[in-house]
Structure formats: C-alpha cells, structure tokens
Amino acid sequence: MAGLDWTYGVSTLRQWESADYEPSLPVSEKSNPLTRDIDRASAYSIVKMLQVCDSQMFQKEAGTIYQRLLSDQVVKTLMEVAKRVEVIIKDPQESCVVMSGCGTSGRLAFLISSGFNKALSQLNQSEVYSYIIAGGDRALLSSQEAPEDDPRLGVLNLKKVCEGKKRVLFIGISCGLSAPFVAGQLDFCLQHPEVYTPVLVGFNPAHQARDEPIQDCTFTFHSVVQRMQELAKSQKAFLINPAVGPEAISGSSRMKGGSATKILLEAAFSAAHAATSSNTPITHNGVLQHMMAYERTLAVTYSQTDGITTLVEAAGQSLQCSRHVYYLGWGSLALLGLIDASECSPTFGADYEDVRGFIRGGYRELNNNDGPLTSLGPKFSIAHEDFLHLILPCLTDKDTVLLIYTHSDDATEVGNMARRVREKTPNLHAVYHQADGDTAASLQQDDIKKLCLSTLKITWPQEALVSGTLQHMRELSTKLVLNAVSTGAHVLKGKIYQNHMIDLQVTNTKLYRRATRLLQLSACPEEKCEEALLKAIYRVDMLTLEMTSSDITTHTCFARNSTKVVPLALVILLTGWSLVEAESHLKQQPIVREAVAQWMW
C-alpha cells in the first residue's frame, strides 16, 4: 500500500453517491470506497486516505442528489440561523442559544459554546451560549452511551438549561439523524413554538432519518424531521443536513461529522458576531467565505503529511506494545486533545489509559458546567499537574507524548514541560501553530524543537489573522491531526476490519444495530449475525429463551460488562469455532483478519 496511487477517479470519489451503493444504509453509516483496505495500509497511506476522505466534505454538487456543505441552500439556512443568533446577542435578556448532542456532538457543543462565550465576555457582552451533552459533563471525558437512548432525559436537561427563558434558539446535533436524546428535545421544542426555534444539524438526507420506534414515545426521529421540514417553509424551524460522504472508518462520526458540525455552527455564529460588532447585515458571501476558510485549513494541514505520518507511526508503535499516547495541550487546542482521547474508548474498544489528554489549568481552564470531576476517578484527572504526578513517574520510551500549542502560549512553560518529559523518554513530539512571519516566536520555538523527536509546525498565512478566523482554523487543523493520530494508531494496532470499527462498545440501540450490520461482513444472514452477537454478549454457545426474547435495552445493559463483543462474534461466524475457541484464538492474535487467515491455513 505504500506506493498507492492517490489520483482517484471521479467514479471512485463519488461511488458512495450511487443509489445502488449499500442502498439499505444512510450516508453516515456507509463504508467509504476510498478506504476499503485501510487495515492493511502503511502509516503514510492511512494519512493520505484520511486526506482524500476529508476533502469529500467540500466536493461540489455537480448534479448529485445530495446537497453538500457549500450548497446554496445550506448557506442560506445558515444565514437565517445567524440572524436569529444576532437578535439574541443584541437582546440577551431572557434569551439563549442552546446546543445539544451525544458523544462527539455534545463535546463539540461544549467547545463551541465555550469559545463564543469567551469572545462575548472579552467584549463585556452577556454570554448567551449553553451546551447539553447526553450523560452530563462526565461524557465530555468518557463514554456515556446509554443516555443517548433516553428522550425524556433530553427534555429534562433542556428544561433545566432554559428555565426562565422566553426566547431560545435550540440546536440539536445528531450526525446520523438518529439520537433519541436529541429527538425528544426537538419534539419538545416543536410543542412550544412560542419559546423555542429548533434547528437540526446532521449529515443524512431527511428521508434517511431513523424511523424506528423510540421506547415510550409516540414519535420517531423521522417523524420529527418531517414536522421540522414543514415548519422550515415558514422559517419556524431549520434543518441543516448536507451530505459530507461516508466516514473513513465506517460510522465513526467523530471524524467528518464532527468537523462539519464545527464548520457549520462556527460559520453561523461568526457571521452573527461580526454583524453585531460592525452593525452590518449578514450576507450570503460572508458566510460562504468563512466556510471556505476551512477548506483552506485542510490544505494547510495536509501539506504536512510527512509530519503527521511520523506521529501516526509513533502512536501506533506505542499502542502495539500495550503502552500509551499522551496529549499535553494549552488553551482550546488542549480541549481538542481531551475530546479526541475520550472518543477512543467507544470507537475502538480502547482502555481509557491508551490515549489520554491533559490541559494546562485543568478544570479551571475547562470551565464546564459541573466543575471539577476528579472525584469520579483517575480518568477524570486532566491537568498538567496530574500528568506530572500520576503519569510522568511511570513514563517509558515506549510511550508517545505529544505537545500541542501555539505561538501565543508561554514558550517558557512549554519548554519546561518538554524538559521534564525528555528526562524520562526521547519519544516526545510537538504540534505547533505559528503565524507566518512571526520571527520572535520562531526563535523561542527552536529550543523546544531540540527537545522533540519530531515537530509538526503548521504556519498560517497573514490573511487568516486579518479575517479573524485563525483560532477556528487552528482548532480544526488540530482536530484533523489528532483524529489521524488516534485513528491511524488504532488501525495499526489491528482495531479495524477492512474499514469498519469492529471493537466498538455495544452499549446503546444505535451501536447494537451497527454491530449487527458489521457482522454481515461475514456474508451470513442478519438473523444468524444477531444470534452470534448475543452469544458474544452473554458469553454462551447456546442462547436461552430468556436471552433471545429480551429487548435491545437488556442486551446493551449486559454488554457494558463485556469486551471484544463484535470481534468475537465475527470470528465465530467466519470460522464456526465455539466461543472458547474463538476467545483463545483472538487472545493469541487480536487482529481479526490475521486470526481468521491462520484458521484458513
């Protein structure tokens, strides 16, 4: 794969858009034809695959049946949302903007609300942004999948945040148009139009919204979307759902889904802030130009392919020998490190210690709703001081440490941290953002660079500073780099089968359905796949009537205490082995393709 030709034809790039390409799956769950063999790729090839997949976000419509990120209708809708945000900023009394989501969507709601509230505070204006994440603030740092299935909990959270408010712009984020938690909130907003204007952000066409019954509810996500579509005609609700193409790792919406969420909401909010401060109207071209700045961010970031590859290789080697990857960050870029690390456990079945993030200032800098969470356990220790006390003494040269900072951060402080780490391991790397022509910062950086095994220096052009988008571009760039590092490392560790994440945690309805579909890679019928899944969940060769007659909620509750559920079920289907035999072979060879290949020989 190292010599792979990256000049994909249009037919390959757009294959997923064909009506007969995996027709039973929504766009967000399809496999990407560009990454079919990513599990056998070199680190360099993995990075190039991710680059091409990310570039799909900005593909033009060109006769496609799907609206795209830069489609005229998407930009127009963002303008209307921005106008409503502008009204709230100018008259914040008893008003607010609330963003809500599950997993990555909720974490980005937190990141975006934090950034824009900080911008308002610096101008001595009232903060108007709030966030909700399914599972509460602990979900910012760890997997809390079960609350995603609870629409009533979503409504309770929304009522609490909006108590006493008379005007609320509610933005529900669900990449697959599928989360019951968000569906419940949107349904509540639709019932109270005198207060709430609902906005839905996702990346499937409306007709692909999940139409499965939601427990104890009279609505489905699909029926909620239909009602919103009707109200959108009179601009009483808004649906923002461009297709950005399948994820590089099938269903992993933390990647493009997360990036596109950031791009869309920041474009709308930035337009509202600019209009407020300059007292000028929000324009189509202004919103579009802001979004196109993110397209340039991809180009700037992936121009450093060799440097990203070095980081992927280092992280992959650490995980392969059962060691760890640590992100040490400053400011909002550190938040991206915390977010990326928190996503590894549910996506790859990783232990929380495999990839961890730490932020200068800890919870003081995080400034989350619930404050410090350290009493919940060691995984919630996130300050640099925690790293120095808990991690540094046990650090070895098999661990990978990555510094993440900008020219605006205290170079002396970064240098001191680098020296402390360097005393324990040479496996120290840096991701550093610098403005073009900043010679003073370059000189300070030289001392830090000498301590690092590699430095990925991302230089931003002067026009980024002038346009005011620099911080958002640096954040997206950091997200792309860290997504590549953690995804590539887990691919190299063997956590992917073809381009499917097979070691996911089966802890809610969405993931149970996804697991059943993944098992159909065995070419076995769905009924047999679900049977194998249940055997792996309950760790039995013969299912009882009680097991087979239980509902999905019961299965997912039991699965929380099970590991390697999908890999185990897949090996059983592909080989016919008993549960004990499959467990034994996976213990010897955790990479499913290799374990099955050994059996075939």
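Which residue in E5 does Val 199 stand opposite? In the predicted model described here, local features require a pLDDT of at least 70 and side-chain atom pairs count only at pLDDT 80 or more, whereas totals for chains, interfaces and linings use all residues. Residues are numbered from 1 along each chain as its sequence is written, and side-chain values use heavy atoms, with hydrogens and water left out. The partner of Val 199 is Phe 238 in E5.

The pLDDT, the predictor's confidence in each residue on a scale from 0 to 100, averages 92 over the protein chain, and 96% of the residues score at least 70. Over residues 1-6 the pLDDT stays under 50, and the model has 15 contacts beyond four places in sequence for this segment; a contact denotes heavy atoms within 4.5 Å.

Helices (H or I, at least four residues) and strands (E, at least two) are DSSP runs numbered from the N terminus, and two strands pair if DSSP finds at least two bridges between them. An open sheet of 5 strands follows the order E2-E1-E3-E4-E5 with parallel pairing. Strand E2 (129-133) and strand E5 (238-240) occupy the edges with a single partner strand each, so one side of each is left without a neighbour in the sheet. On average, neighbouring strands of this sheet are turned by 20° against each other, direction ignored. Strand E4 (residues 196-201) is joined to E5 by 3 bridges, and the two run parallel.

Two helices are associated with this sheet. Helix H3 (residues 72-90) lies across strand E1 (95-101), E2, strand E3 (167-173), E4 and E5, running at about 125° to E5. Helix H5 (residues 151-161) packs on the sheet in contact with E1, E2, E3 and E4, and its direction makes about 160° with that of E2. Axes are lines fitted to C-alpha atoms, for helices over the stretch in contact, and angles run from 0 to 180 degrees between N-to-C directions.

A further parallel pairing, over 5 bridges, links strand E6 (residues 325-329) and strand E7, with Tyr 326 opposite Arg 356 in E7. Strand E7 (residues 355-359) is mostly covered, 5 of its 5 residues being buried; buried means under 20% relative accessible area, exposed over 50% and partly exposed in between (1.4 Å probe, protein chains only). In a regular strand the side chains alternate between the two faces of the sheet. Val 355, Gly 357 and Ile 359 are buried on one side of E7, and Arg 356 and Phe 358 are buried on the other.

Tyr 302 lies in helix H9 (residues 284-302) and counts as buried because its relative accessibility is 4%. Residues up to four places away in sequence aside, Tyr 302 touches Val 47, Leu 50, Gln 51, Asp 54, Ile 308 and Leu 480. The side chains of Tyr 302 and Asp 54 are joined by a polar contact of 2.5 Å, a term for a pair of N or O atoms within 3.5 Å; within protein, one must be able to donate a hydrogen and the other to accept it, and residues adjacent in sequence count only if both atoms are side-chain atoms.

Most residues other than glycine have a negative phi. Asn 124, although not a glycine, has a positive phi of about 60°. Asn 124 lies in the loop between helix H4 (104-122) and E2 and is exposed, with a relative accessible area of 74%.
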